[in-house]
Amino acid sequence: MSDNIDYIEIFPWNKNFETGIDEIDAQHKQLVHILNQLASHLASRSTPVVLNKIFDELADYADHHFKTEEKIWRSYFKNDEWYSKHEHTHESFIDKVVSLKKEEKNKPLDHVIQEIISFLSHWLAFHILDSDKRMAKAVKAIEAKKSVEQAKAIAEEEMSGLTKTLIDTVLNMYDNLSNRTLELMREKALRKQAESELEASEERWKFILEGSSESVWDWSLEQDKENYSKNMGSLLGKIEKKLHNTSRKSKIHPDDILTVEADLQEHLNGKTEFYHNKHRVLRENGSWSWVVSRGKVVSRDAGGKALRMVGTHTDITERQLANAVYQHSNQAMFVTDINNAIISINPAFSRITGYTEEDIIGKNPKTLSSGLHDKLFYQKMWDSINTTGFWQGEVWNKRKNGDIYPEEINITSIKGANGVVDHRVALFYDITEKKESDRVILEQANFDSLTKLPNRRMFNDRLQQEIIKSNRTNQPFALLFVDLDHFKDINDSLGHELGDNLLKESAQRIKANVRSTDTISRIGGDEFTVILPDVEDTIYVDRIAINIIESLTRPFQLELEKAYISASIGISLFPFDAQDSGSLLKHSDQAMYRAKGSGRSCFKYFTASMQQEAQERQELIVELHQAIKSSQFQLYYQPVINLNTLEIKKAEALIRWHHPSKGIISPADFIPIAEKSGLIQEIGNWVFKEAVDQAKKWTEKYDKEFQISINLSPAQFQKDKTLNDWLVYIEEIDFTGSNIVIEITEGLLLENEPEVVKQLLEFHNAGIEVAIDDFGVGYSSLSRIKQLDIDYLKIDRSFVKNLIPNSQDSAFCEAIIVMAHKLNIKVIAEGIETPLQYKLLLEMGCDYGQGFLFSKPLPADDIESTFARTDFKCSFK
């Protein structure tokens, strides 16, 4: 590039454009460099020969790059639609550029080149950030042994959400940057050309004689008098007085005064043909103006001493700023000096902010601050300005009338001839209408206007995102297709207005039965979908479906009319029932029709196996209801032994279900279902009262300090009244809380819910002790253990099972015991089955133990016979 051409970057390269594939990144950089060269020559008004030469270079290199890139992509995506689409973008790019170039027959070449540059900047930024980076991410995944489809899914996920927002932001920024930079540089080139021509003309015609329209001064050095034509006044008189060490203060900037004096003195001494100097002058309002002072000695005595000098002062601050772009732009602009004081504004600034020049000149831009941004926001802004010389972003500012509004603003630092920043230019526009328009467009495009739920478009996007997430986390999710039964009858009989009201109320009822993280959408007239992420089992799905159906069967009050409907729900599970969004939705729809065919007001799973599992689960829930009514539950008790004395000091109550046809059913098989179906409350109440009644008998008959341990499900804490009823029951039967130990899980400690803390503290106030069951397999916090005043830690049987000397399990058990004793907490070891385990735990100082070594869980009568036979001591020695 020629030395007299200023190189500009309408497309600044940064790391965000790197794909991670070195060969492609190197060629992208070269393309960007040639594009910037073309823009620089266009801005500098180079000749058509030069412009065509650089354009040909750009076209040739683009063709070379496309071939290289297609070769790389073809090696990974051969016969894949991604490759064919990518190849097509290259072809369409070439067609577009050729089409634009042909316009030079009808338009000036520089206009054609400018259109090409604008198109190239946008196309290249989008192509790199979106298409190439997407392909590159997939390549990295393929190289990491992922299949092509998996790699594409990973790339799609990484390029969605915040990344897509970033791409849109960068594209908008680069569009603005390229167009504005090009306009400003072309303006600068035109201005420089005009100034050069003006200066040449002034020198030829002794410009001082042409300065009648400027501030003209006439200085008689012999008489020390000065005359000037305008209010600016002659600065030379002040300079002269300064040279003679007078006390009058100069208005010339302190950093410029020496060069002004030196240039003047050289001309007075006859060393220069003209006097010429550019310097800063202090205005009345306290700001600094740039002026150009020109002059010539027109009279000397015989000895060459200057007698008279005439010249002009030109305020170039106004000339630089008062240009067409600045004055007539719809975009607001203001300029600040190095002290961040506003020195100039354009009319658009006043229109947007309400501030006039008299209001704002000399003020800091923070006058506009709305107070909505914190210090960190402005710190990051200034970090960018000080390090890169540029910042762009969205800011909420305040008008003169107090209204707060959003604006998109670019701030650029401008350096002087000495390479130091001497002022900054800010360009902004009010985006209030744009944001409102974007909001309306977004709402119309993605939300149902009637129910305000996501529409089919957003549903499809959410469903696709959930598939990507599920593939990454290996966590299944469920899709529910909800169709309102008999809605058409309601709509036809009561009218569309009331039908719409019913749809809105139905949407709210469905929404009330799911989590905030679930997605509910209206995809058709009376059709809704629900996406349930992170489904560990279908118990939760069953419950949601049942709750939705029950809520929709309640009567609807539609003005003076009551309406009754129901719902049929089809359920499909990803990835079991389908691998893509279309198939998953189709299968849910098919399952919904099976539900309608089964009598409506029910739900059906897509697959026969899932349907069978759901039916068995529903049967088990029905049988649990019957078990409660038919007294099919029985409590077994496992003794808890004092390891030092072998005394039976406690017993843990364990529920057993004697099913009339299936025999004994383990708690592990029915307690989770009871928790999720809500039956745990009724079962838990029965266990508590049964265990407390038995414990009261034993304390009266054998040992008044004997304790019964009762397991408490986390689900039972959701019913505060139930737990309070237990305390009332203890009082009713005249039993003491100190004879009861409530066992909770570690997971419950992590739930920092006020009701949990409140209930545990109420247990303590009643004398009931609290034990943490299965300690060591969760993530208990020592601070929470201390806060909740825990009485016992029960070492999980998984650590006792393989307990041998000098093992990790041995070290872990000993660490728990030592830690617990330091906190004044006693320790119970579960699952003791061998004498060695007993011996090791005794040596560690463990307080209590339970397990088959001492006794398996037994019915109350068998435990009681053991008490009588062994004098309340364990027979193990």
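Start by selecting strand S19 (residues 648–659) together with strand S21 (residues 707–711): the two run parallel and are joined by four bridges. Keep in mind as you click around that this is a predicted model. To find your place in the pairing, pick Glu652, which stands opposite Ser709 in S21.

Now add strand S18 (residues 633–642) to the selection. S18 and S19 run antiparallel, with nine bridges between them. Glu652 turns up again here, since Gln638 stands opposite that residue. Follow the chain from S18 into S19 and you go round a hairpin with five residues between the strands; stop at Leu646, which takes a positive phi near 60°.

Next, bring in strand S20 (residues 663–665). S20 is antiparallel to S19, and three bridges join the pair. Trp657 is a handy marker, standing opposite Ile665 in S20. The link from S19 to S20 is another hairpin, this one through three residues.

Before you leave S19, switch on a surface. How many of its 12 residues are buried? The count is 11, so the strand is mostly covered. As you look at the side chains, remember that in a regular strand they alternate between the two faces of the sheet.

Move on to helix H21 (residues 667–677) and colour Phe670, Ile673 and Ala674, which are buried. Look straight down the axis of H21: the buried residues fall within an arc of 105°, so they line one face of the helix. Just past the end of H21, select Gly678, where phi is positive, at about 90°.

For a helix pair, jump to H16 (residues 487–494) and H17 (residues 496–512). Their axes are 6 Å apart and the helices pack at an angle of about 140°. On the H16 side, show Phe487, Ile490, Asn491 and Leu494; on the H17 side, show His496, Leu498, Gly499, Leu502 and Leu503. What kinds of residue make up this contact? Six are nonpolar, three are polar and none is charged.

Last stop, the cysteines. You can skip hunting for disulfides, as the structure holds zero of them. Try Cys846: why is there no bond from its sulfur to the one in Cys813? The sulfur in Cys813 is the closest cysteine sulfur, but at 8.1 Å the two are too far apart for a bond. Cys846 is also buried, with a relative accessible area of 0%. Finish at Cys602, which counts as buried because its relative accessibility is 18%, and the cut-off for buried is under 20%.

Conventions
Residues numbered from 1 in each chain as written. Predicted model: local features only at pLDDT ≥ 70, side-chain atom pairs only at ≥ 80, totals over all residues. Heavy atoms only, no water. Buried < 20%, exposed > 50% of the residue type's maximum accessible area, 1.4 Å probe, protein only. Arc of directions from axis to C-beta. Axes fitted to C-alpha atoms, helices over the stretch in contact; angles between N-to-C directions. Contact = heavy atoms within 4.5 Å. Nonpolar A, V, L, I, M, F, W, Y, C, P; charged D, E, K, R; others polar. Pairing = 2+ DSSP bridges. Disulfide = S-S within 2.5 Å.
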